[in-house]
Amino acid sequence: MGFYSNKIIIASIIGSILWLTLTTVTRAELTIEETQKLLEESLTISEIDREITRLSQEELKIAELIVETEKSIVVQEQLVDQARVHAGKILRSLYMGERDGLWLLLLNSQSFSDAVVVYQYLRSIVESDQRTLQKHQNAFQELKALIQSLALTQSELRVLKAQFIAQRIRVVQLQEQLDSKLSLLDNDNKEQILTQIDKLSKAWIKDGLPLFQQFLQAMSEAMLELPEYIAENEGSLEQDGSQFTFHIKENQLNSFLRSKNPIFEHFVYSITKEHITIKGTKDQVDITINGHYAIENKPENALRFTLDELIYNDFILPDTTRNDMQKQFSMTFYPKRFSGSLEATAVSQDTGELLIELSISR
């Protein structure tokens, strides 16, 4: 019995040590880095939730559009049927020679004035026939366009639903991970973190998100005026036959932007081989944007600023926020607005300088 008693005592001691160890770990305060990570994860969850809300609203709009399009198709099918009946009567009359008697009236006219009257009558009949046939053709084309539009809208809805499901799965997994980490904290630490999460979420919606939107809108408007800057600074444009290279240094870019909108006074563009970085502070909100320019050819040739990374007060924002901003704001330069015959063919970055290659389109 003594042997078993000793084993029980030893097991009890080991259990106590493990409990104390776990309790110590659970009650340990978070480091600054751990706190930052938890807050960033919470902001990611909040932003994915916002994206899910946006997708839900967009899904409702598309669903309503599908219903309206289906109603229009029913009405248009009726119009096509009506037009087809009238067109069929005309085609049958032409095929069976019912119009021949009218032409004989013209040939058998006794006088020029009678011929003119018959001709005008025949002309009105022919024009009426043509309008009827054209009406049928137009109605059919309209129906065809509505059917194609419905198919495209239904396809968009399927894609949207897939995105919605994917984001729902993602946010649930992230929330479970966050809850699991929070469960390891004691009540005091957990309450502190939850308070910080709430403050961060509210501050982002109130101050962070509007500042990003304000800045990117100003950037989009300024980019539309870049052709004006090129025209005024011909010295920055090198020509080699039908090829042109436009050089713009980062200090020139900063000056140009600040001349267009006061918001750029708070931010600085810096150019490296890897990124164009925009960094600054306004109203005690820090934002950093890392991106690059890329050529687009659809729907038209353009040079668009692509967002690679968005940082708000040292918190990296998720891809859903970045994608949403990319959709909302064009941030695009259209070479043809500088010269109708120019196209952007390549863009590259060097330290402190942006180079845009242009060519005369054929």
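This passage walks through the fold, a helix pair, the salt bridges and some backbone features of the structure shown above.

The structure is a predicted model. A good place to begin is the overall make-up of the chain, whose secondary structure comes to 8 helices and 10 strands. The chain has 362 residues, of which 34% count as buried. Contacts across the sequence also deserve a look: taking those between residues at least 6 apart, 63% join residues at least 24 apart.

Two residues, Phe305 and Gln252, give a closer view of such surroundings. Phe305 sits in strand β6, which spans residues 302-312. The relative accessible area of Phe305 is 0%, and because buried means under 20%, this residue is buried. Apart from residues up to four places away in sequence, Phe305 touches Met219, Ile276, Ile278, Ile289, Gly291, His292, Tyr293, Gln326 and Met331. Along the chain, 25 residues separate Phe305 from Ser330, while their C-alpha atoms lie 7.9 Å from each other.

Gln252 offers another setting, this time in helix α7, made up of residues 250-260. With a relative accessible area of 25%, Gln252 is partly exposed, since this value falls between the 20% limit for buried and the 50% limit for exposed. Once neighbours within four places in sequence are set aside, Gln252 is in contact with Tyr229, Ser236 and His247. Tyr269 is 17 residues from Gln252 in sequence, and the C-alpha to C-alpha distance of this pair is 9.9 Å.

How do helices α5 and α8 pack, and at what angle? Helix α5 covers residues 187-224 and helix α8 residues 319-328; their axes are 10 Å apart and meet at an angle of about 40 degrees. That angle makes α5 oblique to α8. The crossing of α5 past α8 is right-handed. On the α5 side, the residues in this contact are Trp204, Leu209, Phe212, Gln213 and Leu216, and they meet Thr321, Met325 and Gln328 of α8. Sorted by class, the contact has 5 nonpolar and 3 polar residues, with no charged ones.

Charged side chains do appear elsewhere. Side chains of opposite charge can pair when their charged atoms come close. The structure holds 14 salt bridges. One of them involves helix α8 again: Asp324 pairs with Arg50, and the closest N and O atoms are 3.7 Å apart. This salt bridge links distant parts of the chain, as Asp324 belongs to helix α8 and Arg50 to helix α2 (residues 32-95), 274 residues away in sequence. The two partners fall into separate exposure classes: Asp324 counts as buried at 9% relative accessibility, whereas Arg50 counts as partly exposed at 24%.

Another salt bridge joins the side chains of Glu225 and Lys260, with an N to O distance of 3.0 Å. Glu225 is in the loop between α5 and α6 (226-232), and Lys260 is in helix α7, so the pair ties together parts that are 35 residues apart in sequence. Glu225 is partly exposed, with a relative accessible area of 32%. Lys260 also counts as partly exposed, at 29%.

A further salt bridge connects Asp283 with Lys282, where the closest N and O atoms are 3.2 Å apart. Asp283 is exposed, having a relative accessible area of 63%, while Lys282 counts as buried at 15% relative accessibility. Salt bridges with shared partners also join Glu47, Arg50 and Asp324 into one network.

The backbone has some details worth pointing out. Most residues other than glycine have a negative phi, and most peptide bonds are trans. Which residues in the loop between β4 and β5 have a positive phi without being glycine? Asp283, already met as a salt-bridge partner of Lys282, is one of them, with phi near 55 degrees. Asp283 lies in the loop between β4 (276-282) and β5. Gln284 lies in that loop as well, and has a positive phi of about 65 degrees although it is not a glycine. At a relative accessible area of 76%, Gln284 is exposed.

One more feature concerns a peptide bond. The bond from Lys298 to Pro299 is cis, with omega near 0 degrees. Pro299 is found in the loop between β5 (285-296) and β6, and β6 is also the strand that holds Phe305.

Notes:
Residues are numbered from 1 along each chain as its sequence is written. This is a predicted model: local features need pLDDT of at least 70, side-chain atom pairs count only at pLDDT 80 or more; totals for chains, interfaces and linings use all residues. Side-chain values use heavy atoms; hydrogens and water are left out. Helices (H or I, at least four residues) and strands (E, at least two) are DSSP runs, numbered from the N terminus. Buried means under 20% relative accessible area, exposed over 50%, partly exposed in between (1.4 Å probe, protein chains only). Contact means heavy atoms within 4.5 Å. Axes are lines fitted to C-alpha atoms, for helices over the stretch in contact, and angles run from 0 to 180 degrees between N-to-C directions. Angles under 35 degrees count as roughly parallel, over 145 as roughly antiparallel, 65 to 115 as roughly perpendicular and the rest as oblique. A crossing is left-handed if the near helix is turned anticlockwise from the far one by less than a right angle, and right-handed if clockwise. Ala, Val, Leu, Ile, Met, Phe, Trp, Tyr, Cys and Pro count as nonpolar, Asp, Glu, Lys and Arg as charged, and the others, Gly among them, as polar. A salt bridge is a side-chain nitrogen of Lys or Arg within 4 Å of a carboxyl oxygen of Asp or Glu.
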